[in-house]
Amino acid sequence: MRRRRAVKRDVTADPKYNSKLISRFVNVIMAEGKKSLAEDIMYKSLDIVSDKTGNKDSLEVLQKAVDSVRPLLEVKPRRVGGATYQVPIEVKADRGASIAMRWIRDFARQKKGKPMEEKLADEIMDAFKSQGSAMKKRDEMHRMAEANKAFAHYRW
């Protein structure tokens with residue numbers, strides 16, 4: 001038997017840009033509770049992004065980057081009579097944004113030879129231009145969902 005669903009807590013907007021998206025991204029970047037370090041990385045990478053785009057609003061660039069990487073479909077394994085099927089399901093906007101931010105962070109961390117601010121800025125710029133590793137991952141996930149479309153009726 002399942003317990004009740006967890007209460008969704010609201011994130012406070014960040015002080016510099018007054019944006020909840022940046023606040024959530026800082027929380028995604030944060031490791032071992034070091035929030036001030038995560039904020040530092042985020043703000044520096046946003047400065048780099050605004051320099052690269054020619055003083056375009058870096059908040060808009062980040063928003064578009066997260067939206068373009070956000071998956072619309074994902075597959076979830078379902079056991080039906082001894083067999084496990086990969087059932088495609090739609091992703092809610094909130095979860096999709098979280099997945100997109102995690103992918104951007106993970107691919108930025110994988111790069112070598114630069115400070116994290118630059119790696120994150122590069123990954124955000126790639127996502128903004130609809131290219132790069134995070135976009136590849138999203139397309140791969142959509143392909144998986146498309147290939148398993150036949151099992152969509154197992155969704156419940």
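Buried means under 20% relative accessible area, exposed means over 50%, and partly exposed lies in between. The exercises below apply this to a predicted model.

**Exercise 1. Decide whether Glu32 and Ser130 are buried, partly exposed or exposed.**

Step 1. Locate the residues: Glu32 sits in the loop between α1 and α2, while Ser130 belongs to the loop between α5 and α6.

Step 2. Compare the areas with the cut-offs: Glu32 has a relative accessible area of 79%, and because exposed means over 50%, Glu32 is exposed. Ser130, at 40% relative accessibility, counts as partly exposed.

Step 3. Look at the backbone: Glu32 has a positive phi of about 55 degrees although it is not a glycine, and for Ser130, also not a glycine, phi is positive at about 55 degrees.

**Exercise 2. Work out the overall layout of the protein, beginning with how many helices and strands there are.**

Step 1. Count the elements: the protein has 6 helices and 2 strands, and their order along the sequence is α-α-α-β-β-α-α-α.

Step 2. Consider the extent: the C-alpha trace spans about 55 × 35 × 25 Å along its principal axes.

Step 3. Consider burial and contacts: 39% of the 156 residues count as buried, and among contacts with a separation of 6 or more, 61% are accounted for by residues 24 or more positions apart.

**Exercise 3. Classify the packing of α1 against α2 and against α3 by angle and handedness.**

Step 1. Choose the descriptors: two packed helices are described by the angle between their axes and the distance between the axes.

Step 2. Treat α1 with α2: their axes come within 8 Å and cross at roughly 120 degrees. Because 65 to 115 degrees counts as roughly perpendicular and over 145 as roughly antiparallel, the pair falls among the rest, and α1 and α2 are oblique to each other. The crossing of α1 and α2 is right-handed. On the α1 side the contact is made by Ile22, Phe25, Val26, Asn27 and Ile29, and on the α2 side by Lys35, Ala38, Glu39, Ile41, Met42, Tyr43 and Leu46. By type, the residues of this contact divide into 9 nonpolar, 1 polar and 2 charged.

Step 3. Treat α1 with α3: the axes of helix α1 (residues 20-29) and helix α3 (residues 58-69) come within 10 Å and cross at roughly 65 degrees, and α1 and α3 are therefore roughly perpendicular to each other. The crossing of α1 and α3 is left-handed. Here Leu21, Ile22 and Phe25 of α1 meet Leu59, Leu62, Gln63 and Val66 of α3, and the residues of the contact divide into 6 nonpolar, 1 polar and no charged.

**Exercise 4. Find which residues have the most contacts inside the largest nonpolar core, and which helix gives the most to it.**

Step 1. Recall the expectation: in soluble globular proteins, nonpolar side chains tend to be buried together.

Step 2. Identify the core: the largest nonpolar core has 35 residues, and those with the most contacts inside it are Phe25, Met42, Leu62, Val66, Ile104, Leu120 and Ile124.

Step 3. Assign the core to helices: α1, α2 (35-52), α3, α4, α5 (116-128) and α6 (133-147) each supply at least two of its residues, and α4 gives the most, with 8 residues.

Step 4. Follow one member: leaving aside neighbours within four places in sequence, Phe25 is in contact with Met42, Leu62, Val66, Met101, Ile104 and Leu120.

**Exercise 5. Describe the surroundings of Ser23, Arg109 and Asn148, stating for each whether it is buried, partly exposed or exposed.**

Step 1. Begin with Ser23 in helix α1: at 10% relative accessibility, Ser23 counts as buried. Apart from residues up to four places away in sequence, Ser23 touches Val11, Thr12, Ala13 and Asp14. Its C-alpha atom is separated by 8.4 Å from that of Glu39, 16 residues apart along the chain.

Step 2. Continue with Arg109, found in helix α4 (residues 93-110): Arg109 is partly exposed, with a relative accessible area of 37%. Beyond its neighbours within four places in sequence, Arg109 is in contact with Val28, Ile29, Ala31, Met116 and Lys119. Arg109 and Tyr154 are 45 residues apart in sequence and 36 Å apart in space, C-alpha to C-alpha.

Step 3. Finish with Asn148, in the segment after α6: Asn148 has a relative accessible area of 14% and is buried. Not counting residues up to four places away in sequence, Asn148 touches Val75, Gln86 and Pro88.

Definitions and conventions: Residues are numbered from 1 along each chain as its sequence is written. This is a predicted model: local features need pLDDT of at least 70, side-chain atom pairs count only at pLDDT 80 or more; totals for chains, interfaces and linings use all residues. Side-chain values use heavy atoms; hydrogens and water are left out. Helices (H or I, at least four residues) and strands (E, at least two) are DSSP runs, numbered from the N terminus. Buried means under 20% relative accessible area, exposed over 50%, partly exposed in between (1.4 Å probe, protein chains only). Contact means heavy atoms within 4.5 Å. Axes are lines fitted to C-alpha atoms, for helices over the stretch in contact, and angles run from 0 to 180 degrees between N-to-C directions. Angles under 35 degrees count as roughly parallel, over 145 as roughly antiparallel, 65 to 115 as roughly perpendicular and the rest as oblique. A crossing is left-handed if the near helix is turned anticlockwise from the far one by less than a right angle, and right-handed if clockwise. Ala, Val, Leu, Ile, Met, Phe, Trp, Tyr, Cys and Pro count as nonpolar, Asp, Glu, Lys and Arg as charged, and the others, Gly among them, as polar. A nonpolar core is a set of buried Ala, Val, Leu, Ile, Met, Phe, Trp, Tyr and Cys residues joined through side-chain atoms within 4.5 Å.
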